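This briefing goes through a protein–DNA model by topic. Have the sequence and the 3D view open while reading.

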There are 2 protein chains.
Amino acid sequence: MKKTNCEVNDALSIISGKWKPAILFTLISNGSKRFNELERLINGITPRMLAKELKELENNQIVKRTQYETIPLKVTYEMTEYGMSLKDILIKLHEWGINHNRLYK
Amino acid sequence: MKKTNCEVNDALSIISGKWKPAILFTLISNGSKRFNELERLINGITPRMLAKELKELENNQIVKRTQYETIPLKVTYEMTEYGMSLKDILIKLHEWGINHNRLYK
DNA sequence: CGGTATCCTCAAAGATACTG
DNA sequence: CAGTATCTTTGAGGATACCG
């Protein structure tokens, strides 16, 4: 999809993705979480989608991945400081969505 | 695409759409605009996409369509008061996008 | 002037199974 | 435990032509 001239799309491209808001809220609210903790906390997500969206968030510096070379393997994900700059926007979108559902559903 | 449990997606589903941010900013900044004014102001958009996204915004009460039975036909679009409740969020997304591009592009 | 109609492409997301 | 690999489906968006 070619770019448009509006930077809102650049911001949206980073937070949209079916599971990204849920992933972000989970990490924002709960701090560092392991892969399978996220899998359990986010209802209905498959490992494929969780891995894919986490990787995109990591590539955009929103989320930090840490791997511990233990047996069994342990990997954690957490918000970066930069990622936390999305917190207010996400909260406002959340509130707007709740209000919209109340009015129109 | 089945719904997730996060209302951020409900908000995003209303403002995302490739041309919606550009349409919304144009109407927010310039007030009421005719179809072909929007077409000229928004670079690269086709009539099909403009009509489609305007209709979705109208269905969600974000934009109001007014038709004048003149010859030639005249139709205008403007933000609703409810639609204006998105203004702050759009501005924040815009600023975040600009800053993100500055940092990572 | 303000749109539709048709056809096409491609990427996002789902289902299921498998691996270091 | 933390993911990949494959295959399939769906729908957003584009191109182009036409209409009341």
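A polar contact is a pair of N or O atoms within 3.5 Å; within protein, one atom must be able to donate a hydrogen and the other to accept it, and residues adjacent in sequence count only if both atoms are side-chain atoms. One such pair joins W19(B) to DNA strand D, with a polar side-chain atom of W19(B) 3.0 Å from a phosphate oxygen. The model is predicted: local features need pLDDT of at least 70, side-chain atom pairs count only at pLDDT 80 or more, and totals for chains, interfaces and linings use all residues. Side-chain values use heavy atoms, without hydrogens and water, residues are numbered from 1 along each chain as its sequence is written, and chains are lettered from A and ligands numbered from 1 in the order in which they are written.

**DNA strand C**

- A residue is near a strand if one of its heavy atoms lies within 4 Å of it; DNA strand C has 21 residues around it, the closest being K18(A), R48(A), K55(B), R65(B) and Y77(B).
- Sugar or phosphate holds 77% of the atoms of DNA strand C that lie within 4 Å of the protein, and bases hold the rest.
- R48(A) places a polar side-chain atom 2.8 Å from a base nitrogen of DNA strand C.
- Phosphate oxygens of this strand are approached by an N or O atom in the side chain of N36(B), at 3.1 Å, and by a backbone N or O atom of V75(B), at 3.1 Å.
- Two or more residues of the surface near DNA strand C come from each of α4 (47-59) of chain A and α3 (35-41), α4 (47-59) and β3 (74-79) of chain B; helices (H or I, at least four residues) and strands (E, at least two) are DSSP runs numbered from the N terminus.
- α4(B) gives the most to this surface, with four residues.

**DNA strand D**

- There are 20 residues around DNA strand D, and K55(A), R65(A), Y77(A), K18(B) and R48(B) come nearest.
- Of the atoms of DNA strand D within 4 Å of the protein, 71% belong to sugar and phosphate.
- An N or O atom in the side chain of R65(A) is 2.9 Å from a phosphate oxygen of DNA strand D, and a polar backbone atom of V75(A) is 3.1 Å from a phosphate oxygen of that strand.
- α4(A) gives the most to the surface near DNA strand D, with four residues.

**Relation of the two chains**

- A turn of 180° with a shift of 0.0 Å along the axis lays chain A on chain B with an RMSD of 0.1 Å, by least squares on the C-alpha atoms of residues with pLDDT of at least 70 in both.
- That is the relation of a two-fold axis.
- In chain A, I89(A) has the C-alpha nearest the axis, 3.4 Å from it.

**Interface of chain A and chain B**

- Contact, meaning heavy atoms within 4.5 Å, links 39 residues of chain A with 40 residues of chain B.
- About 3600 Å² is buried between the chains, 73% of it from carbon and sulfur atoms; buried area is the accessible area (1.4 Å probe) that two parts lose on being put together, summed over both.
- K18(A), Y82(A) and W96(A) supply 20% of the area that chain A buries against chain B, more than any other three residues.
- Eight residue pairs are in polar contact across this interface, both residues at pLDDT 80 or more.
- α5(A) gives the most to the side of chain A that touches chain B, with 13 residues.
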